[in-house]
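Here are my notes for your first look through this one. Keep the viewer open and click along as you read.

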Amino acid sequence: ARRTVRSTMGTDYTAHRLAVIGAGVMGTNISTLALGHGVPVTLVDLDDAVLAQARTTIRQKLRHAALVGALPDRPQAELTTTTSLADIADATSVVEAVVEIAETKYKVLAEASSLVRPGTTLISNTSCISIDEMAAHVARPEELVGTHFMNPSYMIKMVEVIRGSATSDAVLAGVGDLLTVLGRQSLVINDSTGFVINRLLHPLINTAAMLVQEGVASVEVVDGLLEGCLGHATGPLRTGDLIGLDNLVDSLQVLYERRGDESCKPCDLLLEKVREGHHGRKTGRGFYDYGKVAS
Ligand code: NAI
């Protein structure tokens with residue numbers, strides 16, 4: 001008999017198809033989680049080279065997750081990769097994980113919502129951009145919900161879920177159910193640019209970078225103080241490297257422009273690192289040197 005992945009709401013997730021748009025850090029993380037839990041994935045990006053790299057990354061992440069016992073011991077589901085957004089038409093849920101640039105997200109979500117059947121949940125994995133702002137660009141705002149997965153998503157159990165003003169109860173319950181199937185817990189918040197985590201975390205990382213820029217302390221000392229004195233598992237600058245400094249600057253820009261929060265104006269040191277291509281772990285170098293490209 002065919003193996004099924006049945007959720008507490010009774011949905012058979014082996015018959016589900018999760019479309020993931022954007023095959024970067026988070027798209028590959030979310031795909032890894034779904035595949036490892038038996039949910040088939042269609043992964044979309046703009047070019048074939050990115051998708052080929054994403055296949056390798058997902059294989060590595062699946063291997064690592066299995067090694068540390070972060071995924072169940074079960075056959076992996078099928079991964080389809082494509083550069084054609086039209087291939088998401090048969091998806092049961094869609095996760096948008098493209099760059100943190102509002103106009104790009106609006107465009108992708110508008111196209112995605114016109115391609116899928118009514119009743120298909122549209123999930124935006126955004127760091128900061130308001131769900132209500134995005135809802136203005138989709139065909140059925142009640143079907144849009146936000147998730148804010150952490151990186152690496154198969155290691156971190158909790159997901160921040162964002163309910164837009166128009167998000168329906170059924171869609172909110174459905175996304176909670178999907179996250180449970182993916183072995184995640186979730187906490188739901190109301191919409192607000194930056195949400196809970198990044199309204200707290202992003203100004204912290206920016207200020208940490210500013211302290212280094214001003215010569216108050218070195219990278220290692222800033223992180224060492226937050227880890228040693230405040231019990232943070234990972235210091236802010238190492239966290240920035242893990243997020244990706246390019247993505248961090250885009251998110252800070254959203255917070256600065258939309259909230260007028262001066263502590264979110266990306267500092268010169270961050271901008272310089274991004275200009276030089278030192279984006280953190282994913283490029284092998286950021287505040288720290290990783291020696292090789294890691295994801
Ligand atoms: P990334 O830069 O690693 O990947 C983004 C991908 O989107 C790239 O491969 C790019 O080619 C693709 N893309 C851009 N426009 C596209 C389009 N029109 N159609 C299809 N693909 C397109 O970015 P990352 O870090 O994966 O971030 C994705 C989203 O997740 C962002 O909104 C980010 O703020 C959010 N996020 C990031 C976290 C992190 O730790 N990096 C954590 C939680 C959320």
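1. Let's begin at Asn151. Setting aside residues up to four places away in sequence, Asn151 touches Val25, Met26, Asn29, Leu242 and Ile243. Look for Asn151 in the loop between β6 (144–148) and β7 (158–163). Is Asn151 buried or exposed? Neither label quite fits: Asn151 counts as partly exposed because 19 C-beta neighbours lie inside 10 Å, and the buried label needs 20 or more. One reminder before going on: this is a predicted model, so read every value here as computed from that model.

2. Stay in that loop for a moment. Asn151 and Pro152 are joined by a cis peptide bond, with omega about -5°. Pro152 also belongs to the loop between β6 and β7.

3. Asn151 turns up in the database record too. The unreviewed UniProt entry has a "binding site" annotation that covers Gly22, Ala23, Gly24, Val25, Met26, Gly27, Asp45, Glu100, Lys105, Ser127, Asn151 and Lys282. The same caution applies to the next item from the record: an unreviewed UniProt entry places "domain: 3-hydroxyacyl-CoA dehydrogenase NAD binding" at residues 18–191. In the model, that span is 37% helix and 22% strand, and its end C-alpha atoms lie 24 Å apart.

4. Now pick out Gly22 from the annotated residues. Gly22 sits in the loop between β1 (18–21) and α1 (25–36). Gly22 counts as buried because it has 24 C-beta neighbours inside 10 Å. Leaving aside neighbours within four places in sequence, Gly22 is in contact with Gly27, Asp45, Glu96, Ala97 and Val98.

5. What surrounds the ligand? There are 27 residues around it, and the closest are Gly22, Gly24, Met26, Glu100 and Ser127. The elements that give two or more residues to this shell are α1, α3 (102–115) and α9 (245–259). The largest share, three residues, comes from α1. Sorted by class, the shell has 13 nonpolar, 12 polar and two charged residues.

6. Where does the ligand's shell lie relative to the domains? It lies between domain 1 (18–190) and domain 2 (197–283), because both give residues to it. Those two domains are how the chain is divided. Taken over C-alpha atoms, their centres are separated by 25 Å. Across the boundary, 11 residues of domain 1 are in contact with 11 residues of domain 2. On the domain 1 side, the touching residues divide into six nonpolar, three polar and two charged.

7. Next, the inside of the protein. The largest nonpolar core has 77 residues, and Val20, Ile21, Ala34 and Val94 have the most contacts inside it. This core draws at least three residues from each of domain 1 and domain 2. As background, nonpolar side chains in soluble globular proteins tend to be buried together. For a close-up, try Val20: not counting neighbours within four places in sequence, it is in contact with Gly27, Ile30, Ser31, Val41, Leu43, Val44, Val95 and Ala97.

8. Glu96 is worth a click, since it is a charged residue that is buried, with 25 other C-beta atoms within 10 Å. Its place is in strand β4 (residues 93–96). Beyond residues up to four places away in sequence, Glu96 touches Ile21, Gly22, Lys105, Val108, Leu109, Ala112, Ile123, Ser124 and Asn125. Glu96 and Thr234 are 138 residues apart along the chain, and 27 Å separate their C-alpha atoms.

9. Asp241 makes a good companion to that point. Asp241 lies in helix α8 (residues 236–243) and counts as buried, with 28 C-beta neighbours inside 10 Å. Not counting residues up to four places away in sequence, Asp241 touches Gly280, Arg281, Gly286, Phe287 and Tyr288. Asp241 and Thr104 are 137 residues apart in sequence, and C-alpha to C-alpha they are 23 Å apart in space.

10. Last stop: Phe195. Its phi is near 55°, a positive value in a residue other than glycine. Phe195 is in the loop between β8 (185–190) and α6 (197–213). Why does Phe195 count as buried? Because 23 other C-beta atoms lie within 10 Å.

Methods
Residues numbered from 1 in each chain as written. Predicted model: local features only at pLDDT ≥ 70, side-chain atom pairs only at ≥ 80, totals over all residues. Core = buried A, V, L, I, M, F, W, Y, C linked by C-beta atoms within 7 Å. Buried ≥ 20, exposed ≤ 12 C-beta atoms within 10 Å, placed from the backbone. Domains from an automatic or database assignment. Contact = placed C-beta atoms within 7 Å. UniProt positions renumbered as here; feature names shortened; annotations may be inferred. Helix = DSSP H or I, 4+ residues; strand = E, 2+ residues; numbered from the N terminus. Near = placed C-beta within 6 Å.
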